[in-house]
Every structure is written in C-alpha cells, then in structure tokens.
Amino acid sequence: MTPPQLVDRPALARNRRRARPNALFLHDEAVTEVQERLAAVNRQFTKPAIVTPFAEIWAGVLPDAKIVPDDEMLNLVPGAHDLVIHAMALHWANDPVGQLVQCRRALSPDGLFIGLTLGGQTLVALRAALAEAEVAQTGGLSPRVLPMGEIRDLGALLQRAGLNLPVADSFTRRVSYRDALHLMADLRAMGEANAMTERSRRFTRRRILQDAAQRYETGADGRIEAQFEVICLTGWSPHESQQKPLRPGSAVQRLEDALNAARTGATKNDS
C-alpha cells in the first residue's frame, strides 16, 4: 500500500535550494552529535554512507563516505556499508519506515545505523501561536507546520525496520529570536518552510502572521525562544554475535531475590 503523500517533494526541493549555509546550524549540530557518538563506539567504520539533503555540510566528515540525497528511493547498494547515517531529513519522509528499511538493507551484517531527525517537541510555541491566530482571523485552520514523530513512536520504527538493539534518545536546542517573524524567516533560510501537500497555495495573510507574533510568549528581554528537539536513533543490522533478549520467564533469578541478596551483602559489608 502506498503511504500517504504528506510532503510535496518538489516544493521541499525548492525550499532547500533557497536555504542559506549560515542558517543550517541544526545540521552542524548533527555533525557534532554523530562524531561524538562514533567516538564512543569501539569500532572502525571503513564503508560509511550518509543520507542528507545538504551534502556540502557532510563532505569530509567521514573519509570516503558515500553521500546521497534523501530521495524516496535511496541510492544505496544492499549490504555495501558498515555505517549508514540518515541526517536531519527523516521528518520530511513520506514513508519513514521505508527510509529506515532501505538503510538497514544497505548495511552489512552488524553494521550501525544512526539517524537524526526533528522530533515532536519542535516549535511547539510557534505551532500554537499560528493555529490560534489563524482560527481567530479566518475561523479555520490549514496545515502550516509539519507533524513530527514523538520519540517513543520513532524508536518503535527501528524495530519495524528490522534493526537490532534499537535506542532512541533526544536533545533540545533553544534559540533566541527578536520575534516570531524573524523565527519564520530563519526557518525559510534553513529550508524548513512549509512543504506539506495539503498546505494553502495562497500567501499567508499578513494579519495572521502579525497576530501569531503577538501571541508568541516573550521573555523578560522582550525576545522569544524557539525549541528544536533532535531525536537520535541508533540500531544495528542483525548478526549472530549480538546480544539477544531473554525469553519471558527464562530468567534464572527473580528481581526481588536479586535485590534482597544485594541488600544482605550490603549489610554484611557494613558490619
């Protein structure tokens, strides 16, 4: 079954072509995050691949990495890579599970997948302000901000895609802006403007934007704060050497017994 086409891919491509390199700070954050995570893994990766809409940011980050765009069909050869990084693009996928499956297929056995994507706590204040302003001004609501996955749901997608030892965690970046209008201008500069299929094709009325800017809560300094949640997904392609979870009921010791034994040992050591 074909997944619903939430994203207008030609519109997304146009938005990305208009992006300014000096506005892509979230992608720079993603590079740093990946480098830190790879440094913590006791493994040398020699055949990496990177899925990204902004190849220039990732060029040279990993030696000899194959860098491909986040097309709906990824240009990756099955089993050819020991590391695949999906960098800050999964939130724009019409079929996120399909993207993860393609990444898993591109991995050799015991290969590592790392994905970074914007999560559901991103731009919550802007979403609320825009929705309230549009309802107040027009009596209706149109799709303006892309719905983004929550960490629990995105973590479950790793297992659906066939990746082992799945882990999902997140970090948040808060950025200060003069007002909501400057935030929206920065989103356009980041290539993150509205590219939803069901978006209105008309220019947003100025009074809606002004109303949204007034509704956006300001801090003591008169500025606003925007929140970006970045969800980090990791998983491994299956291999017989990997740890396997115990079958339910197969534990040789009850948790209660283990805790009691720990308490008894602690008492003896203290006496």
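Analyst: A residue counts as buried when its relative accessible area is under 20%. The model here is predicted, and strand 4 is a good place to apply that cut-off.

User: How many residues of strand 4 are buried?

Analyst: Eleven of the twelve residues in strand 4, which covers residues 107–118, are buried, so the strand is largely enclosed by the rest of the structure.

User: In which sense do strand 3 and strand 4 pair, parallel or antiparallel?

Analyst: Strand 3, residues 81–87, pairs with strand 4 in the parallel sense, over six bridges. To find the pairing in the model, look at I85, which stands opposite I114 in strand 4.

User: What do strand 3, helix 4 and strand 4 make?

Analyst: Together with helix 4 (residues 96–106), the two strands make a β-α-β unit, and this unit is right-handed.

User: How many bridges join strand 4 to strand 6, and how do the two run?

Analyst: Strand 6 spans residues 224–236 and is joined to strand 4 by seven bridges; these two strands run antiparallel. Here T117 is the residue to look for, standing opposite I231 in strand 6.

User: How many aromatic pairs are there, and how is such a pair read?

Analyst: Rings pair if their centres lie within 6.5 Å, and planes over 60 degrees apart count as edge-to-face. By this rule there is one aromatic pair. The ring centres of F25 and F228 are 6.0 Å apart and the planes stand at 80°, so the pair is edge-to-face. The pair links distant parts of the chain, since F25 belongs to helix 2 (residues 25–39) and F228 to strand 6, 203 residues apart.

User: Are F25 and F228 buried or exposed?

Analyst: F25 has a relative accessible area of 24%, so F25 is partly exposed. F228 is at 0% relative accessibility and therefore counts as buried.

User: How is empty space found, and how much lies in the second largest pocket?

Analyst: Rolling a probe the size of a water molecule over the atoms shows where empty space is left. In this model, the second largest pocket holds about 320 Å³ of space.

User: Which residues line the second largest pocket?

Analyst: The lining has 18 residues, and H91, A93, P96, P147 and G149 lie nearest the centre of the pocket. By kind, the lining residues are twelve nonpolar, four polar and two charged. Strand 4 appears again here: strand 4 and helix 6 (151–160) each supply at least two residues of this lining. The largest share, three residues, comes from helix 6.

Key: Residues numbered from 1 in each chain as written. Predicted model: local features only at pLDDT ≥ 70, side-chain atom pairs only at ≥ 80, totals over all residues. Heavy atoms only, no water. Buried < 20%, exposed > 50% of the residue type's maximum accessible area, 1.4 Å probe, protein only. Helix = DSSP H or I, 4+ residues; strand = E, 2+ residues; numbered from the N terminus. Pairing = 2+ DSSP bridges. Right-handed = clockwise from strand over helix to strand, strands pointing away. 1 Å grid on protein atoms, 1.4 Å probe; cavity = no way out; pocket = protein on both sides within 12 Å on 5 of 7 lines; lining within 4 Å. Points joined across faces, edges and corners; volume = space filled by probe spheres on them. Nonpolar A, V, L, I, M, F, W, Y, C, P; charged D, E, K, R; others polar. Phe/Tyr/Trp six-rings, centres within 6.5 Å; stacked < 30°, edge-to-face > 60°.
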